Amino acid sequence: MAYSEKVIDHYENPRNVGSLDAKDAAVGTGLVGAPACGDVMKLQIKVNDEGIIEDAKFKTFGCGSAIASSSLVTEWIKGKSLDEAGEIKNTTIAQHLSLPPVKIHCSMLAEDAIRAAIRDYKEKHPRA
Amino acid sequence: MIYLDYNASVPLRPCAKKAMVEAYDFEGNPSSPHAAGRKVRALIDEARKSLLKRIHGQRLVFTSGGTEANALALSGLGEMPLVVSSVEHESVLKAYANPCIVPVTAAGILDLMYLEKLLASFDTPGLLSLMLVNNETGVIQPLQEAVIIARKLGWNVHTDASQALGHIPLSFEELGVDMMTLSSHKCGGPTGIGALILKEELQLHPLIRGGGQEFGMRSGTLATPLIVGFAAAALEALSEREEQTKRLQGLQKKVEEALPMAQVHGEESPRVGHVLCLGMPGVSSELQLMSFDLKGIAISIGSACSSGKTKESQVLKAMGLSSEDVKCAIRMSMGWKTSEDDIDNFIKAWNEIFLSQQMKEAS
Amino acid sequence: MIKRPIYLDYQATTPCDPRVLKMMLPYFTEEFGNPHSRSHAYGWKAEEAVDKAREQVAAILCADPREVIFTSGATEANNLAVKGVAHFYKDKKNHIITCSTEHKCVLDSCRHLEQEGFKVTYLPVKSNGIIDLDDLHKAITDQTVIVSIMAVNNEIGVIQPLAEIGKICRDAGVFFHTDAAQAVGKIPLDVNAMNIDLLSLSGHKLYGPKGVGALYVRRKPRVRLQALINGGGQERGMRSGSLSTPLCVGLGEACALAQTEMTAESARLKALSARFYKAIQDSLEEVYLNGDAEQRIPGNLNISFAHVEGEGLMMGIKELALSSGSACTSASLEPSYVLRALGVEVEMAHTSLRIGFGRFTTEEDVDTAAEMIIKEVNRLRDMSPLWEMSRQGIDIKSIQWAEH
């Protein structure tokens with residue numbers, strides 16, 4: 001199957017690859033997927049005092065579409081509030097990257113990763 | 001050597017050769033996901049699409065040839081009654097253990113009244129398989145009429161159209177059949193490839209199982225060069241049809257007029273313009289064959305599959321010819337390369353053989 | 001000129017050797033006769049060419065030409081062998097033995113026979129991909145009609161002990177069929193010494209044309225089978241349909257070339273594989289060779305690159321044409337059933353590539369490929385959360401993964 005240009009761009013030049021210190025109170029970490037299914041995404045957010053995501057990093061084990069989906073969402077969520085980031089839908093990701101039907105699960109995984117990172121951050125800050 | 005055995009195999013068309021040589025230049029497995037695989041898959045998709053478009057078909061399954069396509073069509077729907085005509089190709093006659101046979105009239109045409117009665121006598125509908133153009137006589141069968149009868153009684157219809165492609169107008173949609181067999185080397189494509197055209201809603205039980213290629217109906221790596229050669233030849237045969245038919249009909253007429261002593265089997269019936277089933281009174285077909293061969297002309301007795309066994313033509317017998325007449329019949333078939341010179345030579349040879357035999361008898 | 005990718009997928013298909021194509025072309029054009037037309041010289045010439053090809057195919061198997069049946073390929077040959085024998089003897093016996101790592105066409109034929117009421121034993125393989133001969137011994141009953149075990153696996157390249165299997169089968173009075181599509185021309189085969197009763201081969205896996213293959217069917221003791229395709233009664237009644245002269249000629253020539261060149265070519269491929277694997281091992285940690293290291297054909301390597309997903313890796317090395325898993329299944333997202341049968345964990349199966357070297361692979365190709373793969377594996381590992389965890393000493397299995 002042929003990949004879209006956007007997928008290829010994110011795959012070849014992934015944005016925001018790396019890790020943040022998971023122990024840092026300002027960092028929320030989401031780890032979703034499973035090695036046995038062929039894809040695992042780790043997405044981390046660093047949230048400032050105003051509740052704005054000021055940094056995001058990812059690492060992904062998976063196909064080109066999974067890598068592109070996670071790379072793309074790190075770009076999208078930077079500068080957003082937690083609520084705004086939580087509203088990103090997999091369909092928007094899939095549409096933007098022109099993912100074929102067999103790759104829709106990659107965009108769903110990216111959506112899950114954002115939610116998991118937000119949840120982790122909120123657990124560290126019960127009152128936030 | 002003058003080749004007049006087009007119904008056994010048609011010489012490869014230059015356009016098919018060109019397409020094949022190009023395809024042999026970049027090979028890959030069309031099932032592979034990498035670029036090499038995708039490239040050959042695109043060639044196959046294009047061949048499939050253009051063939052379907054030109055014959056108004058719905059779905060196309062590539063097979064190793066007409067015989068396999070017939071076998072798939074006749075077994076693919078599972079156990080059900082099978083009715084075939086008495087003049088079918090052996091691959092249809094022998095596909096099932098005991099098919100019910102519909103006879104043909106003396107003109108070589110399917111007996112439609114008998115067909116209706118026969119089909120109506122079954123408790124459950126089954127599959128009717130009828131060839132469109134007979135390979136030995138060139139007679140065109142009343143397929144559309146047969147389809148109407150079969151449909152009324154809920155039967156499915158398959159047709160072997162191998163000998164029709166490029167010779168009569170061919171539309172899957174207009175014929176109204178469920179399945180149609182095509183053979184590449186009968187229209188100037190390479191040997192080793194054919195196709196079964198079928199309605200989209202049909203899912204046949206495969207004969208050959210495995211990787212699930214061809215909609216799960218025929219597994220095995222697709223032979224890209226053969227497929228593109230087949231498509232190129234078939235498309236050319238279809239677009240040249242009117243012009244070629246006119247030309248070959250002219251040659252056919254010329255032979256008939258030049259050989260008043262020859263019996264023309266199937267003469268009374270609608271037939272294609274490129275085949276002649278000729279009887280030479282009093283001269284056995286084997287002797288004719290040898291004599292023609294010595295004069296550098298290739299013709300045949302009946303179909304190629306059984307000609308090795310030199311047994312009597314089942315098709316001519318089915319038309320009610322006397323054993324004597326069957327024994328004296330040969331088939332000459334023409335095609336895209338046949339020239340007027342070839343035909344003049346054939347006529348000359350026929351007369352010489354006939355004359356020398358009469359001289360022998362007279363002395 | 002557009003640079004073509006380096007072709008490293010010789011188990012999926014091989015290019016048609018120009019020498020083979022050269023032999024075939026005249027039979028597509030001038031010598032186009034139907035080999036079954038016995039009434040004129042066109043037919044005779046075609047028949048002669050087919051006879052010669054049959055001899056060439058027989059020669060590489062040490063068989064008699066009369067025992068060779070031409071088919072449209074190995075898939076048809078395998079279907080014909082397994083289903084044909086099972087159907088012919090169905091009134092006497094109803095048990096079939098095969099192996100879990102067979103090609104899909106054998107497995108699917110067996111599954112179909114199960115639906116018809118036959119019993120099928122799927123032998124497991126050891127972690128090196130080879131069957132346990134004791135298992136085979138134990139599986140044979142007085143109801144067993146045929147054992148079908150492939151000669152060389154298409155994904156991992158391991159060679160099954162054919163002579164031993166053949167002896168067990170012959171002693172037990174059971175037919176032995178082997179799918180040798182990946183073996184012919186790569187390892188020496190002798191149907192008599194190995195007691196093989198039926199053997200399938202494919203043109204396009206040995207530098208011949210696509211659309212043709214053959215089934216060897218033993219005459220003494222005679223093996224009988226029910227045809228899949230009936231009609232004109234060609235090929236001793238076992239396979240009807242006009243033979244394609246050019247395809248038969250191509251297959252014959254491909255066999256003849258492979259036979260002549262096998263010894264030298266095997267040594268060359270063995271050296272290329274060793275060179276490649278050494279380069280990979282010298283530069284990368286945690287790479288694993290799947291399948292037995294010794295009992296394998298020289299041109300195949302199946303390697304797991306831990307913590308790098310195979311499909312993602314393939315995208316990064318698109319200048320290389322190779323595959324993850326077999327070509328028939330790699331469009332799906334399931335990990336290879338062959339690797340699973342070896343006991344390779346699902347997560348590891350997802351990280352594997354099949355690398356096939358062949359007749360037209362050069363040393364330069366091998367070096368370029370190794371370099372590209374090493375670079376890309378390193379890049380993707382830097383991006384892989386699993387690699388990061390394994391570096392931190394976290395046991396990936398200890399994590400509760402939400403399988404989706």
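Which side chains of chains A and C meet in a salt bridge at 3.4 Å, N to O? The side chains of A:Lys59 and C:Glu388 form this pair. The legends below describe close-up views of a predicted model.

**Figure 1. The salt bridge of A:Lys59 and C:Glu388 belongs to the interface of chain C and chain A.** Across this interface the rule finds four salt bridges. One of them joins A:Lys59 to C:Glu388, with 3.4 Å between N and O. There are also 15 residue pairs in polar contact, both residues of each pair being at pLDDT 80 or more. On the side of chain C that touches chain A, the elements giving two or more residues are α8 (310-316), α10 (346-349), α11 (363-382) and α12 (385-391). The largest share of that side comes from α8(C), which provides five residues.

**Figure 2. Chain C and chain A bury about 2,500 Å² between them.** Of this buried area, 66% lies on carbon and sulfur atoms. The contact involves 29 residues of chain C and 31 residues of chain A.

**Figure 3. Chain C is assigned two domains, domain 1 (18-258) and domain 2 (262-386).** The contact between them takes 30 residues from domain 1 of chain C and 24 residues from domain 2 of chain C. The C-alpha centres of the two domains are 29 Å apart. Together the domains bury about 2,300 Å², with 58% of that area on carbon and sulfur atoms. In domain 1 of chain C, the residues that lose the most area to domain 2 are C:Glu155, C:Ile156 and C:Tyr207, which together account for 33% of what that side buries.

**Figure 4. Polar contacts, but zero salt bridges, are counted between domain 1 and domain 2 of chain C.** The count of residue pairs in polar contact is 12, with both residues at pLDDT 80 or more. Three helices of chain C, α1 (18-28), α4 (104-115) and α7 (245-283), each supply at least two residues of the side of domain 1 that touches domain 2.

**Figure 5. C:Ser323 is a buried residue in a loop of chain C.** The loop runs between β11 (320-321) and α9 (337-341) of chain C. C:Ser323 counts as buried because its relative accessibility is 0%, and buried means under 20%. Its side chain makes a polar contact of 3.5 Å with the side chain of C:Asp9. When residues up to four places away in sequence are not counted, C:Ser323 touches C:Asp9, C:Met314, C:Leu353 and C:Arg354.

**Figure 6. B:Cys328 is in no disulfide.** A search of the whole structure finds zero disulfides over all chains. For B:Cys328, the nearest cysteine sulfur is that of B:Cys277, 12 Å away. A disulfide is a covalent bond between the sulfur atoms of two cysteines. The pair must lie within 2.5 Å to be counted as a disulfide. B:Cys328 is buried, with a relative accessible area of 4%.

**Figure 7. C:Cys62 is a partly exposed cysteine.** Why is the sulfur of C:Cys62 not bonded to the closest cysteine sulfur? The closest cysteine sulfur, in C:Cys255, is 12 Å from that of C:Cys62 and therefore too far for a bond. The relative accessibility of C:Cys62 is 37%, so the residue falls between the limits of 20% for buried and 50% for exposed.

Definitions and conventions
Residues are numbered from 1 along each chain as its sequence is written. Chains are lettered from A and ligands numbered from 1 in the order in which they are written. This is a predicted model: local features need pLDDT of at least 70, side-chain atom pairs count only at pLDDT 80 or more; totals for chains, interfaces and linings use all residues. Side-chain values use heavy atoms; hydrogens and water are left out. Buried means under 20% relative accessible area, exposed over 50%, partly exposed in between (1.4 Å probe, protein chains only). Helices (H or I, at least four residues) and strands (E, at least two) are DSSP runs, numbered from the N terminus. A polar contact is a pair of N or O atoms within 3.5 Å; within protein, one must be able to donate a hydrogen and the other to accept it, and residues adjacent in sequence count only if both atoms are side-chain atoms. Contact means heavy atoms within 4.5 Å. Domain bounds come from an automatic or database domain assignment. Buried area is the accessible area (1.4 Å probe) that two parts lose on being put together, summed over both.
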